[in-house]
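Reader: I am new to this structure and would be grateful for a close look at one part of it. Please take a helix and its surroundings, and explain step by step what is found there.

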Amino acid sequence: MHFQDYNLATDYVEMDRLAVQHRMWCLLIEGLWPRSVTERVDSLLNTEGKQKTVMDIGCGSGIWAIEMARMYPNAQVVGLDLVEQTYPDAPENFKFIQGDVTKVLEQFSGQADIVHCRCVTQHVKDPQSLVQSLADSLKPGGVLLLADGDWEVYNESKEVVLPVEYSAEKGDVITGETRSWYAGWLALVGAATRSPQYRRIDELVKGCEGFDPHFDFRQYYSPLNWPGVHINHGEELGKILNINQRAFLHGSRGILGKRGIPEETIDKWAKHYEEDLDNKHYYNVWYYTAAQKSICV
C-alpha cells in the first residue's frame with residue numbers, strides 16, 4: 001500500500017482545507033487526542049528514559065505533528081506524507097519524511113510510542129494492511145490514534161439523508177423532495193475515492209494482530225452551518241465545517257468530471273450543493289479510535 005494510491009487532492013489548497021479541518025477535529029475530541037487517553041499519552045511521552053517517538057501518517061499541513069512536537073519537546077515527532085513540503089516554523093524535534101508509507105513504517109517497526117493517522121485509511125487500496133502496518137510500528141504499550149469520516153449526511157434528527165443520484169442513461173441528476181444535492185455529491189465522491197476494502201476504523205482495528213481487545217471508539221456529529229442540538233462547541237463547529245465543505249466542493253469537482261458527468265450538470269449540482277449548505281440543517285459524522293498495543297506481543 002503506497003501513498004500514490006491515495007485518491008484525493010494533495011495540492012497546497014487542499015493543505016489549507018486540512019488545516020481548517022484540524023481545528024474541527026480539536027473541537028470534536030477536545031484536544032489533539034480524546035480525553036479518554038490523555039493519561040496514557042502523557043505517561044508514554046513524559047516518562048524519562050529512551051527517546052520517545054510520535055508518528056503522524058498522512059500529516060498533510062503538518063499542523064497536528066508540529067503541535068505535538070511543541071507540546072512534547074523531548075519527543076521526536078515524524079510526519080509522513082505523499083507531498084513534499086517545507087515547515088519553516090517547525091521545532092527542531094519535528095522531522096518530515098516524504099514517501100511510501102510501507103517502506104517508512106518498516107524503518108520504524110516497533111519503535112513508535114504514538115502513531116496518529118487521520119482521514120487516510122479509506123483512501124488507500126488496502127486499508128487493513130495499512131492499519132496493520134501502523135500497529136507493527138508501535139512499541140508494546142504504544143497507542144494508535146486513528147480517525148476518519150463518513151460520506152453519509154444526517155438531518156436534524158440524526159437520520160440518514162437520501163442523496164440525489166446521477167443517471168448516465170438520462171444524462172441528468174435524479175432528484176426528489178427528500179433528496180439532498182449535498183448528500184449526493186458526497187456519496188459520489190466517496191464512491192470514487194473510498195477503497196472497496198474499507199471498513200469502519202473500529203472494524204479495521206479489530207482485524208489487526210497485536211492490539212488490546214478493549215479499545216476506545218467514539219462517533220461525533222458535527223453540524224454544518226448551524227450550531228446543532230446539544231453539540232459541544234456547536235456554533236464554531238458549524239462555521240468551520242461550512243468553510244471546510246465549501247472548499248471541498250471546489251477541490252472535488254474534477255472527480256465528478258472523471259465520472260463522465262457533463263460540466264453543465266456539475267455546475268448545476270454545485271449550485272444546489274451550496275444552497276443546501278445555506279438552507280438545510282445537516283450533520284456530518286466522524287469516527288475516532290484509540291487502541292493500545294498489547295504489552296505481551
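Author: The following account begins with one helix and its partners and then turns to some other sites.

The model is a predicted one. The helix chosen is H10, which spans residues 263-279. Two other helices pack against this element, namely H8 and H6.

Two packed helices are described by the angle between their axes and the distance between the axes. For H8 and H10, the angle is about 175° and the axes are 11 Å apart. Because angles over 145 degrees count as roughly antiparallel, H8 is roughly antiparallel to H10. On the H8 side, the residues that meet H10 are Asn242, Gln245, Arg246, Phe248, Leu249 and His250. Their counterparts in H10 are Ala270, Tyr273, Glu274, Leu277 and Asp278.

The packing of H6 on H10 has an angle of about 120°, with the axes 7 Å apart. That angle makes H6 oblique to H10. H6 contributes Trp181, Tyr182, Gly184, Trp185, Leu186 and Leu188 to this contact. H10 contributes Ile266, Lys268, Trp269, Ala270, His272, Tyr273, Asp276 and Leu277.

Aromatic rings deserve attention here. A pair of aromatic rings is described by the distance of the centres and the angle of the planes. The structure holds 15 aromatic pairs. One of them joins Trp151 and Phe248, whose ring centres are 5.9 Å apart and whose planes stand at 45°, so the pair is tilted. Trp151 belongs to strand E5 (residues 138-154) and Phe248 to helix H8 (residues 234-251), so this pair ties together parts that are 97 residues apart in sequence. Trp151 is buried, with a relative accessible area of 12%. Phe248 also counts as buried, at 8% relative accessibility.

A further pair lies between H6 and H10 and is formed by Trp181 and Trp269. The ring centres of Trp181 and Trp269 are 6.2 Å apart and the planes stand at 80°, so the pair is edge-to-face. Trp181 is in H6 (residues 181-193) and Trp269 is in H10, and the two are 88 residues apart. Both Trp181 and Trp269 are buried. Ring pairs also link Trp181 and Trp269 with Tyr182, Trp185, Tyr273 and Tyr282 into a cluster. Among the members of this cluster, Trp181, Tyr182 and Trp185 take part in the contact from H6, and Trp269 and Tyr273 from H10.

One residue of H8 can now be followed further. Arg246 is found in helix H8 and is buried, with a relative accessible area of 19%. Leaving aside neighbours within four places in sequence, Arg246 is in contact with Asn225, Glu274, Leu277 and Asp278. Glu274, Leu277 and Asp278 are among the H10 residues that meet H8. Arg246 and Glu177 are 69 residues apart in sequence, and their C-alpha atoms are 23 Å apart in space.

Asn225, a contact of Arg246, lies in the loop between strand E10 (216-224) and H8. Most residues other than glycine have a negative phi, and most peptide bonds are trans. Asn225, however, has a positive phi, near 65°. Asn225 counts as partly exposed at 31% relative accessibility. His233 lies in the loop between E10 and H8 and likewise has a positive phi, near 60°. At 39% relative accessibility, His233 counts as partly exposed.

Rings also meet charge in this structure. Lys158 lies over the face of Tyr221, at 4.6 Å from the ring centre. The charged end of Lys158 also sits over the ring of Tyr283, 5.4 Å from its centre.

Outside these helices, Ser137 is found in helix H5 (residues 127-137). Ser137 is buried, with a relative accessible area of 1%. Not counting residues up to four places away in sequence, Ser137 touches Leu105, Phe108, Ser109, Gly110, Gln111, Ala112 and Val115.

The cysteines complete the account. A disulfide is a covalent bond between the sulfur atoms of two cysteines. The structure holds zero disulfides. Cys117 is in no disulfide, and the nearest cysteine sulfur, that of Cys119, is 8.9 Å away. That distance is too far for a bond, because a disulfide needs sulfur atoms within 2.5 Å. Cys117 is buried, with a relative accessible area of 1%, and Cys119 counts as buried at 15%.

Methods:
Residues are numbered from 1 along each chain as its sequence is written. This is a predicted model: local features need pLDDT of at least 70, side-chain atom pairs count only at pLDDT 80 or more; totals for chains, interfaces and linings use all residues. Side-chain values use heavy atoms; hydrogens and water are left out. Buried means under 20% relative accessible area, exposed over 50%, partly exposed in between (1.4 Å probe, protein chains only). Rings of Phe, Tyr and Trp (its six-membered ring) pair if their centres lie within 6.5 Å; planes under 30 degrees apart count as stacked, over 60 as edge-to-face and the rest as tilted. Helices (H or I, at least four residues) and strands (E, at least two) are DSSP runs, numbered from the N terminus. A charge sits over a ring if NZ of Lys or CZ of Arg is within 6 Å of the ring centre and within 35 degrees of the ring normal. Axes are lines fitted to C-alpha atoms, for helices over the stretch in contact, and angles run from 0 to 180 degrees between N-to-C directions. Angles under 35 degrees count as roughly parallel, over 145 as roughly antiparallel, 65 to 115 as roughly perpendicular and the rest as oblique. Contact means heavy atoms within 4.5 Å.
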